[in-house]
Every structure is written in structure tokens, then in C-alpha cells.
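I opened this entry to record the overall build of the model first and its aromatic pairs afterwards.

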Amino acid sequence: MAENISSDRKWGMRSKYLGGAATALALLALNANINAVSAQDADTDEDELNLEEIVVTGSLIKNPNLTRSAPVAVVSSDEMDYQQADVAEEILREIPGMVPSIGRQVNNGNGGFSYVNLRGLGSNRNIVLLDGQRLTPAELNGRFDLNNVPLALIQRVDVLTGGASTTYGADALGGVVNFVTKKNFTGLEATAGYSTTEEGDGEIKRVDVTIGADLADGKGNAVLSIGYNKANPVFQGDRDFSKDTLFYWNGVAGGSGLGPFNTRVGNVNPTGGDNANLALGGVQDDRTFGSAFQPFNYAPYNVFQTPFERYNIFAAANYEIAEGVEAYTRAIYSRNVVDTIIAPSGAFGDSMTISLSNPYLSDAQRNAFCAFDTDPTAGVYSPLFSQAECDAAATATSRNDPNYREVDTELRRRNVEGGPRNSQYSADYFDYQVGLRGDFDNSISWDVMASYGQSEQVQIQKGYWMISRIQQAMLSNADGCFDASNGCVPVDFFGPTGSITEEMNAFLQGGESTINTTSKMGQVVASVTGDLGYSLPWAADPINFAVNGEYRSYSAFRESDLLSQSGDLGGAGGAAPNINGGYDVYEGVAEILVPLVQDADWAKELNFEAGIRYSDYSVDAPSNPSYDATTWKMGLSWTPVEDLTVRGTFARAVRAPNVAELFAPQNTLLTNLTNDPCASVNDNGEVVNSGPTGVVRDVCIAQGAPAGAIGSIPFPAAGQANYTGGGNLDLQPEKSDSWTIGVVVQPEAVPGLTVTVDYYNIKIEGSINQPAPDDAISACFDDPDPTSLACTSIVRSPINGGLSGDNKVVKGLPLFLSNTGNLKTDGIDVAISYGRAINDSVNWDTNFVGNWTNSSTFQAVTGVSENRDCVGLFSANCASIQPEFTFNWRNTISWDKLNVSLMWRFISSAEYEFREDDTAFVGTPEGLDTEWDFNETGNYHLFDLSVRYQVLENLSITGTVSNLFDKHPPLTGSFIGATGYNSGNTYPSTFDTLGRRYGLSARISF
């Protein structure tokens, strides 16, 4: 009887059917004995044995009876149930070997979408599928938003590593993620879930209702699923380890150099002495300028869990309209609202002109501007204005007054009086598919499908100061602003916190801004699959084939209001110019699967598979760029004995440039940088070196730094430097070669045991990429020359010589897209699954899934720039941590109606990339009572406990305690890495920052 077969052993019987699916992750979730599943789950198990219902991932050939050569990772609905997962990104992020991408743990840098990043090759180098079909991208980089996945109907998730462009088209260099839905669903299923942290915050609520029925005595089926999900924020200020921003270099509680308690300005000389200029002078309590200032602690404003709300609808139907001909359709709609909350807006080093008649300037502050030494020569003092000029300028009545004087400076000031910056991202997504499929005969079938989808997101930004209005308010006197438009009032930037009133703030903020992003995709796919009706002499099964013709059209655009286009929002990271573009692709595909030998003494099964795809691209641009690409794959699977299968693949894949890479105009934005050879003053105001000398000094000056600023140039504020980049219509497709080799062991001597080991190797040449920030620095300063293009392409602030500040003036690092780079990764996936009956009523299932990543290298310019390996490293160059070792080990005990399951998750230690030259803090950070080494994260262990109970035949309840032992994340301090991932003094996308969490869900089915 089927009930006597453990779920793991049954999976072992089926493993070869899922594209060779007993692989590195294949058994992650199949951990409950079938005697303890719900009525709906029991139906699912029966369906799983119906092999015709299986969606094959990694091949267009639908025959599930032949072993495939490509390893496919599998996560089942059981694992989602145990995890209490409510978004797809959360499921994928925890798979060993995957690298966290943008998700709900990313706050500053979250654009309202969630992505998957397979093998750390980039979230734009993989494809997300639903039942083997492409879905419309959500944004201009061609990425699908995982928030749109209808989890209530997902039966399993297949992850195929490596180049899959032959099967699925461009973008699949890192692989594909295929969400496979439940087929022919009947009845009613309703699920409600709730979770919260032990601190009582971060509540998540989810409700899903699914109803399905057969049509016309089994001629068809229709299903409708409706879901709602809401997640509340968890603020970093509500956790002891993140309530303060800790400098990574000294463990001191600080923040960014944009002080809230004292404005900082450039080009002042408080003492009136020779060479006594301050590159940045801070406002003191007595309304003078000095070197002291209060860094801004932005931590309490930021969040570890981004607020999120989603409504989603999924509908599908199929109907046999004639004998052997079936019509089918599928529709997805979702509305997602993501709110990001970050620290207050302000002036982030923006260039300003201040009138010396400004009514809020004290005499001492005005004199400090006038006393600025314009001659850096030692022993020669030349003030900007004489004392008489300075005194007369204080009472100037207008800019036409002969006594009027003004000074050029830069301004750094947070809007702490006005509160945080908010961005609300509201996205509406739909994707509709219709098709016909049927059989020519018993061995050959056909399928014609068309789909169209659209994603439209509206971003509303609030709480931002307008830089132009700051400038407008700076030019004023006691009678008001010289330019009184927009209701201008003079603003007191020269006093303590609280000096900026509600009236001043209302003028500076100026209202909301809006950015609309729309992405569309239409496709038509026609395919013929089956077998050729004959087999080779040494095999019984016939040769299988598939041929496809495909057309896809992509278009995407971003439309920003004039305020967003202008770059006038203080702290928005740069302008958001309009982008509009698209391209078409025509493709032809052929695949073949050949049983070479079957039931021989030396080969129970030996299969060969191959495929080829030709793609012709046409870019919608005036110059009509076009290119073509050919991809191909080969694979071999050999089963010498029943207990052992050896498999291997080789694939050539391509990725075509997306709309953003082709059409984005040149723009200056923010990147992360901790290493600036010209800088001397950190964000705490400390002078850490005496400044560059010799040729390096000459280079800094050639890049725009004032000679008088040498020795007092600030490091990038909050670790963020300006960079200039943009799209490139001359880009060509990047190419990858990937290969895998592995074994599947299912010994008959140990029933229930499955062991898989797979090695993967992926190399991408001619990659479309920007250089890493340190690549741009190294290109100049490894061989400094004040006349070289590598050096003069870096543009610094003319006020203080830094790389932060006004993006209209400080162009920063040149990081332009090109086809000059390469990426490579390789490693080993291991999975061990075992299930057995302990006695007549108790079953034990254990599943171990692990990954060892040997390398993950990136080189911006092949053969020139550093070939950086980011495995086990964190820094601004290695954004999201890719550990060397990770594993998940789940053990489940099942008896009668109860399942108890424990998951152990392990992440190996990572270390700071520059620990030898820029050693981070070791000790007890300020405000904490535990010693930390910010140079490394240490090995990290988490345990999750889940209990599922079958209360009634149609009602089950699942409870989960995540982070059972309330393990805190390892601390690295702030500014040590990329802003999106290094937040709250740690890496929240990699480690658990919420603490112990409790989840409860109930499922009822009829």
C-alpha cells in the first residue's frame, strides 16, 4: 500500500522525472510521512504519482519517464508550510548557495520589488517562470517581481542552476526558478496565518482562499485563488544592537556626517589665521563655526522589515473543446504596496551661495566666511573679504546694493524637525495567457500560446527638502528672501536643532514627487513535442524531441514629474530622468533526448540530450541596433546500476542587454565607497591622516580638490560617494559557458536514502557591468598620473575635495556600462535525504541540503582590473554576502496526526575584504555590553521549530517558532559595506535581525 512508503522514498522513486531532480536541493521540503498529511495533501500525493501531470523544468521535452542530466533543486509546499513563508523571495533566499537580493529586509535601496539572485551572478541573470512560461518583467532591468507569485497555489518550486538560455531564452545565465502550480484543483481551501516577533512588532497577516471545480464531467477544470497579505515594520531603533549607528572603524555610536544638531558648511576660517580654513565647519551652540559637530544617528528611522501590503488573484481554466484539443487560460493580478522609511532629508553637501546679509548669520559666522584664506601658500594670508567689507555686507538691502557680498560654500544639514523621508511604491501587475494544445497522434503533441502582461508602479516621495528652495532661502536679508516666489522665507540653518520652524520647513519641502514605471511584454510561442517513433538498437524507449518558434516584444518606460527629473530632492540620490525603450526577439528552438542504451549489463540507462536556440534581436532605437545569438546545450545521464546515476551537462547561454542598460541616460547617483586616497577626515570628524603628498596630491587637485583642502578632505558621507553612469546602445549580449557533473545515489540496501552531489561551474564573458567603486579608484591611484584619463575622469567637490555632495557639480566616479567584464562561480551542492519508520506509528525523515561555493569572481575589465573573489567577504565591492558554506538540515518526526519538525540553518563566517589595510573595530561597541569583532561575522547557526497538527479531517494547524534560541545577528558596524545590505550594523538580508518569532496558521479544505 502507498501508505507504507515514506514520502522521501517515494520521492526517490520519482526523482529522475523532475529533470534529474534528486539534486543539491531536491529534498529540502519532503519531510513528513504521508500518514500525517491533510486531506488536501493526500490528494496532492496521489497527484504526484500521476507522472503525466509533472511539469519538467529544464527541458521543452515533456516526457517525464526519461532521466535528465541537469540538476534541479526542488522546494515543496510542505516546506513553505513549515516556514510560514508569505512571500516567494523569503523561500528562495534561504536555499543554500543562493545570495540574498532585494527583499523586505532591504530598506534604503528597496525600489518596491523583490528579486532572486541565483549563485550571486546578479538578479538580472536569471528567469522566473510559472509552469514553465515566462512572466512579464516588473521594471526596466527585465526582472520579475517575486511579490506577484500566488503562493497559495504553488505545488513546488524548481531551481535549475546554470545556463538555461537554450530552453528558456536570454537572461538564464545563472539559471531559472520555476513555480509549479497545483493542477486540476477541486474543492475549497482557505488558509489564514499570523506571525509576530517576541518584541511584539513586525506583525504579518495572510489570508488565501482557493476554489476549484471540474467542468462538464471532467472535460475541464477551473480554479480561482484570492489572497491578502500585510507586513508591519520593525524599526532598527527597537533593537539594542541597532539603535545606534556604530562606526565600523572604532565602534563609536555615531552616524552620518550630516549633522542634525549643527549645520556644517564649507569654506570657513573661524580664527582668521593663515591656512586655518575648515573644509567643513560645524555650527556650535554659541553660533560660531568650529571643527566639532554631532554625527546624525539615522538608525532609529530605518527598518529591518519593510511595510508591505498585497492583494493577489490567480485564475486558470482548461477545457477540451474537441477530441484531442484543449483550450486553456491563466490570469494573474496583484496589487503590491511597499513603504520605505529612511532618515530625514536635508542638504547632503549641496553647493550653495549664501548672502552675508542672511538674517540668521551671527557676526562670528559671517566673519568666518569673510576670513576664508584664498591663498594656500604657507605664510601668506589673503582673506576673501576685508573686515570692513564684511561688516558692510551684513546690512546690504539687495543684491544690487554695492555693499552686497555672497560666498560659495556647501551645506550639510538634516531635516530632523520635519521627520523621515517616505517613498510609497504602489504596483499593479497583470499577466494573461491563452492557448490551445492537443495531439497529432499518441506520440506527438502541439501547443500554441500567447500572453500579454503589464506592470505599472507609481512611486510617491514625501518629506524631501528641495535643494533649489534651500538656495532660495540662503539669499536673503532681514526683510526676507530676495526672490519671494513660492512663499519663500529665510531659513535658520545657523542655529541649533529646533531653529527650523514649521513655516520654514513647509517652504523647503514643497510637496510630493511622482515617478511612474511601466513594463510590458507580449509573447507568442508555438511548439511541437513528442517522440520520433523509433529508438536506437540498444534502447527500448524512442527518441524524444521538441521544436519551438517564439516571438517576444518588450517595452518599458519611466516617466518622472519635473521635480524628480530635476534632481532637486535633497537626499534622493540623484535625478530620475525619463527612460523609454524596447526591443523584439524572434527565436527558433530544437531539443532532442536520445535513450542510447537501456537495460544493458553496464548501463541500466544511458541518455543523451541536446538543444539549440537561435535568437534575432531588434532594438527600438533610431540607429536600429540589432544582433543575433546562438545558444546550445548537451547533457549525458548514465545509470550503470540501479543504485547510481552519473550526470553531466554543458551549456552555452547568452543574456541580451535590457531596457535600462540600453536606454538609461547619463546620470549621477550614489554608490558605496570607504577607500578614498585623497580623504583625511572620517564621518566622526576625526583627522585620520595628514593627507596625500607628492603625485597623489597632484592627482587629487587635478580631480578638482582645492589645494587648501588637502589634509581635510572628508571621506564619503555615510560611506556613499557620487558616481556617473548610464545606458549604452552599443552593448552586445554577454555569453556564458556552464557545466555540471554529479551523481545520484539511491541504494536499495538502505531504503529511503537518497544522496546527490553536483559540481557546477559558470563563467560569463563580455559581461554587461559597471566597474566596482574600488576598481575606479584603483585604475587611477595604483599608478597615479594627474594627466591620465583614469584619474581626470574622477570629479571631486570644488569646495572640500570630497566625492560626496551636489551631483550637479560632483560627478564622482566614472562607472559606465560596457561589455568588458567577466564573472565566474563554481561550487558543489550536496543533498542527503533519509526516511524510515521507527515503529508502526512513528516515522522519521531527515533532509540535509548544503552548498560549498569555491569561487565567485568579478572583473570589471578583463585582464586589467582586479579579479575580485567575493566568497566569504563583505565590503562595498561585495554587496550581498555569499558564504563559503551553507546548509539546511531538517528533521521531522511524524506520528498519527502530529508532525514535529526542526530546521538547523548554518552560514559560515565571512570577513571584511580590507581587514589587513583598514582593520575594523574589535572590542565592546559603545552602548553595548558584548564584545564584537567587526572584521568577521563568525559561523552562524539558527534553529526553527515547526509543529503541524491535523485537528479534523479537513482542518490542520501549523505553529512555528523561528529563531528558536533568539540568536542575534553578528555585528559588522555601519559604512563597511553596500548601503542596501549593510544596515543596522549588520547584514539583515543574510542574518536574522528580528529575533524570535511566532507564527500560527490554519488550513481548512473541503
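Before looking at single residues I fixed the term: a residue is buried when its relative accessible area is under 20%, exposed when it is over 50%, and partly exposed in between. I also noted that I am working with a predicted model.

Overall build. I counted 14 helices and 46 strands in the protein. I then looked up the radius of gyration, which is 31 Å and close to the 30 Å that the globule rule gives for 1006 residues, so the protein is as compact as a globular protein of that length. The C-alpha atoms fill a box of roughly 105 × 60 × 50 Å along the principal axes, and 60% of the 1006 residues count as buried. Among the contacts with a separation of 6 or more, 74% join residues 24 or more positions apart.

Aromatic pairs. My search of the whole structure returned 34 aromatic pairs. For Trp-632 and Phe-650 I found ring centres 5.4 Å apart and planes at 35 degrees, so I entered this pair as tilted. Trp-632 belongs to strand β28 and Phe-650 to strand β29, 18 residues apart. Trp-632 is partly exposed at 30% relative accessibility, and Phe-650 is partly exposed at 28%.

I turned next to Phe-874 and Tyr-912, a stacked pair with 6.2 Å from centre to centre and 25 degrees between the planes. Phe-874 lies in strand β38 and Tyr-912 in strand β41, so the pair ties together parts that are 38 residues apart in sequence. Both Phe-874 and Tyr-912 are buried. They also belong to a cluster linked by ring pairs, whose members include Phe-247, Trp-249 and Phe-975.

Note on methods
Residues are numbered from 1 along each chain as its sequence is written. This is a predicted model: local features need pLDDT of at least 70, side-chain atom pairs count only at pLDDT 80 or more; totals for chains, interfaces and linings use all residues. Side-chain values use heavy atoms; hydrogens and water are left out. Helices (H or I, at least four residues) and strands (E, at least two) are DSSP runs, numbered from the N terminus. The radius of gyration is taken over C-alpha atoms; the globule rule is 2.2 Å times the number of residues to the power 0.38. Buried means under 20% relative accessible area, exposed over 50%, partly exposed in between (1.4 Å probe, protein chains only). Contact means heavy atoms within 4.5 Å. Rings of Phe, Tyr and Trp (its six-membered ring) pair if their centres lie within 6.5 Å; planes under 30 degrees apart count as stacked, over 60 as edge-to-face and the rest as tilted.
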